[in-house]
Amino acid sequence: MNTLAATARTSFSASSTRFRDVVAAEWIKMRSLRSTAWTIGLTVLFVVGSAAVATLADKPSRVGPVEFRPFDAYPAAGYWTLILVSGSMGALTVVSEYSSGLIRTTSLAVPARGSIVLAKAAVTGALWSTVGTATATCSFLVSQAVSDRGGVGISHPGVFRALVASALLAPVCALVGLSLGVLLRHTAGTMIAGVFVLLMLPTMFSDGNRWSADIKHMLVSAAWNRLVQTWEPDPDSLGYSATVPGSWGVYALWPLVTLALAVLVVRRRDV
C-alpha cells in the first residue's frame, strides 16, 4: 500500500498538467452546486441594495462641493454580510468534503494534499475576486446614481482605494475561511471561528490603548474600514489610527499566512 502511494506521488510530481486538472476538477465541483450561484446572486443583490438604501437615507446639505461618502457606497451592514457569506462559502468548499467523506476520494486521486488545498484556493480566490469586483463596482455606481448631490468619478480622491479594498474583501475572507476549514475540518467549529475572527473579534478592541489598537488593526474588517475611509485621522485625536500601507499588509498576510499553515498541516496529518 505504501509503495502504491509513493508511486502515485511520483506520478503526480512528474505530470506537468496535473495541477491544472485538479483546478479544473475543483471548478467543476463548485459550479455544479446550484446553491453557489443562488447564494452569490442574493448576496450581491443585498450588498448593492444596502448601498442604495444607505445613500437614499443619507441626505446631506447641497451646500459645498460634492464629496464621496464611502459608507454610503460601501455600507457596513452590506459588507459585513459579504464578509460572512464569502468566509462561510470558502470554508464550505473544504468542510463539506470532510463531512461527506469525499475528501478521501479526492486524496486517493491526488495524493499530494497540499496541491488539493492550493487548487481549492485558486478557484475560490478567482471566483470571489470576480464577485467582489462586481459587487464593489455596482455598489459605487448605484450609490452615485441615486445620490441627490450628484455623483463623483472614480478619479475623485479616495474612490479608487475604497473600490479596490471593497473588491478584495471577498476573496480575502473566502481564503481565510477555506484555510480555517482545512485546519478545523468541522463545519460548526469552522463557521464559529470564521465569524469570530472576521466579524466579532475587532469589536472587542478599541483605538484608545496602543496594545488594543495594534491588535484591532491587524484584523481584516478593521483594515477594510481604514482603507475605505477617505479622510485622514485627526493628529490631535486620543486614539491610535491604522496606516494605509499597514492595512494593505493585513489584506495580504491573512490569506497568505493561513493558507500556508493549512498546506503545512494537511501534509502532516491523516485525512
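What pattern does the protein chain follow, read along the sequence? Colour the cartoon by secondary structure and read along: the pattern is α-α-α-α-α-α-α-α-α-α-α-α. That is 12 helices and 0 strands. Keep in mind as you click around that this is a predicted model.

**Stop 1: the whole chain**

Stay zoomed out for a moment. The protein chain has 271 residues, and buried ones make up 44% of them. Now think about who touches whom: take the contacts between residues at least 6 apart in sequence, and 80% of them join residues at least 24 apart.

**Stop 2: α2 against α7**

Select residues 18-31 for helix α2 and residues 113-146 for helix α7. Their axes sit 9 Å apart, and the two helices pack at an angle of about 55 degrees. An angle like that falls outside the parallel, antiparallel and perpendicular ranges, so α2 and α7 count as oblique to each other. The crossing itself is right-handed.

Turn on side chains to see who meets whom. From α2, pick out Phe-19, Val-22, Val-23, Glu-26, Trp-27, Lys-29 and Met-30. Facing them in α7 are Ser-115, Ile-116, Leu-118, Ala-119, Lys-120, Val-123, Thr-124 and Leu-127.

**Stop 3: α5 against α6**

Next, select residues 76-100 (helix α5) and 102-109 (helix α6). Here the axes come within 5 Å and cross at roughly 100 degrees. Anything from 65 to 115 degrees counts as roughly perpendicular, so that is the label for α5 and α6. Show Glu-97, Tyr-98 and Ser-100 on the α5 side, then Leu-102, Ile-103 and Thr-106 on the α6 side: these residues make the contact.

**Stop 4: along α8**

Move on to helix α8, residues 159-184. Its 26 residues reach 38 Å from the first C-alpha to the last, close to the 38 Å expected at 1.5 Å a residue. Still, look for a bend: where does the kink in α8 lie? Centre on Leu-169, where the helix kinks by about 30 degrees, shortly before the proline Pro-171.

Now switch on a surface for everything else. Of the 26 residues of α8, 20 are buried, so the helix is largely enclosed by the rest of the structure.

**Last stop: Arg-185**

Step off the end of α8 and you land on Arg-185. This residue belongs to the loop between α8 and α9 (187-200). Check its backbone: phi is near 60 degrees, a positive value in a residue other than glycine. Is Arg-185 buried, exposed or partly exposed? Its relative accessibility is 32%, and because the partly exposed class lies between 20% and 50%, Arg-185 counts as partly exposed.

Key
Residues numbered from 1 in each chain as written. Predicted model: local features only at pLDDT ≥ 70, side-chain atom pairs only at ≥ 80, totals over all residues. Heavy atoms only, no water. Helix = DSSP H or I, 4+ residues; strand = E, 2+ residues; numbered from the N terminus. Expected span 1.5 Å × (residues − 1). Bend = angle between axes of the 7 residues up to and from the residue. Buried < 20%, exposed > 50% of the residue type's maximum accessible area, 1.4 Å probe, protein only. Axes fitted to C-alpha atoms, helices over the stretch in contact; angles between N-to-C directions. Parallel < 35°, antiparallel > 145°, perpendicular 65-115°, else oblique. Left-handed = near helix turned anticlockwise from the far one by under 90°. Contact = heavy atoms within 4.5 Å.
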